[in-house]
Amino acid sequence: DQDRVDRLNVALDYIRSNYNACKAIAEKRVYPDGLVGRGDLDGTVDCQIPGDPYEVIDYKDGMAPVEVVWNPQLVQYALGVLAGKGPDKYPKKMRLTVIQPKLATKGMEPITSWDVPTLELLDHAEVLRDQADATEDPAAPLVPGEVQCKYCRAKSGCPALTGMVSDMFGPITSVVTTSE
């Protein structure tokens, strides 16, 4: 529909106005495994703009504001981009950008960016690996919450989330049905 086209044009206008569009790389899968030491953390970057800083752009079409600074998805993408290059080809800085056009309807900035030194991102590869490794521990704690459960595919059967809801509302002791 036209509203969606208008939102996508926000992203296209940003890319066209700031960069030589022929340099843009759209919808490319990246693999940070060479830096993180895991083969299960790949993802598709919406748009990359080579340069220094090298820009990694993620388009979001929702209304919930997405923080760009240390955004786990963007950090993973940036590490994936770096892993695909030789260390001698690393830019000095990476620019992580979230384009979220619907935020303009709330009076918020629809485009936010964060410049981070490449060395700082590379230092974060170990953190990302440790976090991913922790998810494989059978005794890993389940920590429910609004942010981490929002898009989780396992929430319908999660005992920790069920326990949190029970704590909030108390146990259900009976169910009353009516028929008409």
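1. The hairpin of strand 2 and strand 3 has four residues between the strands, and within this hairpin glycine 51 takes a positive phi near 155°. The model is a predicted one. A second backbone feature sits beside this glycine: the peptide bond between aspartate 52 and proline 53 is cis, with omega about 15°. Proline 53 belongs to the loop between strand 2 and strand 3. As background, most peptide bonds are trans, and most residues other than glycine have a negative phi.

2. The two strands that flank this loop are strand 2, residues 43-49, and strand 3, residues 54-59, which pair in the antiparallel sense over three bridges. Two of the partnerships can be named. Cysteine 47 has isoleucine 57 of strand 3 as its bridge partner, and glutamine 48 is bridged to valine 56 of strand 3.

3. On its other side, strand 2 pairs with strand 1, again in the antiparallel sense, over five bridges. Here arginine 29 has threonine 44 of strand 2 as its bridge partner. Pairing of this kind runs through backbone hydrogen bonds, either parallel or antiparallel.

4. The sheet as a whole is open and consists of five strands in the order 1-2-3-4-5, with mixed pairing. Strand 1 (25-30) and strand 5 (111-117) each have a single partner strand and stand at the edges, so one side of each is left without a neighbour in the sheet. Direction ignored, neighbouring strands of this sheet are turned by 30° against each other on average.

5. How much of strand 2 is buried? Five of its seven residues are, so the strand is largely enclosed by the rest of the structure. Valine 45 lies in this strand. Its relative accessible area is 0%, and valine 45 therefore counts as buried, the limit being under 20%. Leaving out residues up to four places away in sequence, valine 45 touches Ala26, Glu27, Lys28, Val30, Val56, Ile57 and Tyr77. With valine 30, 15 residues away along the chain, the C-alpha separation is 7.1 Å.

6. Glutamate 27, one of the residues that valine 45 touches, is found in strand 1. Although glutamate 27 is not a glycine, its phi is positive, at about 50°. With a relative accessible area of 52%, glutamate 27 is exposed; the cut-off for that class is over 50%.

7. Tryptophan 70 is another residue to check on the backbone: it is not a glycine, yet has a positive phi of about 55°. Tryptophan 70 lies in the loop between strand 3 and helix 3 (72-83). Is this residue buried, exposed or partly exposed? Its relative accessible area is 31%, and tryptophan 70 is partly exposed.

8. On the helical side, helix 1 (residues 2-18) lies across strand 2, strand 3, strand 4 (93-99) and strand 5. Relative to strand 3, helix 1 runs at about 175°.

9. Threonine 118 has its place in helix 4, residues 118-134. Threonine 118 is buried, with a relative accessible area of 3%. What does threonine 118 touch, not counting residues up to four places away in sequence? The contacts are Leu82, Tyr90, Pro91, Lys92, Lys93 and Met94. For lysine 92, 26 residues apart from threonine 118 in sequence, the C-alpha to C-alpha distance is 5.5 Å.

10. The largest pocket holds about 440 Å³ of space. Fifteen residues line this pocket, and Ala64, Pro65, Val66, Lys150 and Tyr151 are the closest to its centre. Helix 5 (residues 146-149) gives the largest share of the lining, three residues.

11. For the protein overall, there are six helices and five strands. Read from the N terminus, the elements run α-β-α-β-β-α-β-β-α-α-α. Of the 180 residues, 31% count as buried. The accessible surface comes to about 11,500 Å², and 55% of that belongs to carbon and sulfur atoms. Among contacts between residues at least 6 apart in sequence, 62% join residues at least 24 apart.

Notes: Residues are numbered from 1 along each chain as its sequence is written. This is a predicted model: local features need pLDDT of at least 70, side-chain atom pairs count only at pLDDT 80 or more; totals for chains, interfaces and linings use all residues. Side-chain values use heavy atoms; hydrogens and water are left out. Buried means under 20% relative accessible area, exposed over 50%, partly exposed in between (1.4 Å probe, protein chains only). Contact means heavy atoms within 4.5 Å. Accessible areas come from the Shrake-Rupley method with a 1.4 Å probe; for residues, only the protein chains shown count as cover. Two strands pair if DSSP finds at least two bridges between them. Axes are lines fitted to C-alpha atoms, for helices over the stretch in contact, and angles run from 0 to 180 degrees between N-to-C directions. On a 1 Å grid over the protein atoms alone, a cavity is a set of points where a 1.4 Å probe fits but cannot get out, and a pocket is an open set with protein on both sides within 12 Å along at least five of seven lines; lining residues have an atom within 4 Å of a point. Grid points are joined across faces, edges and corners, and a volume is the space filled by probe spheres set on the points.
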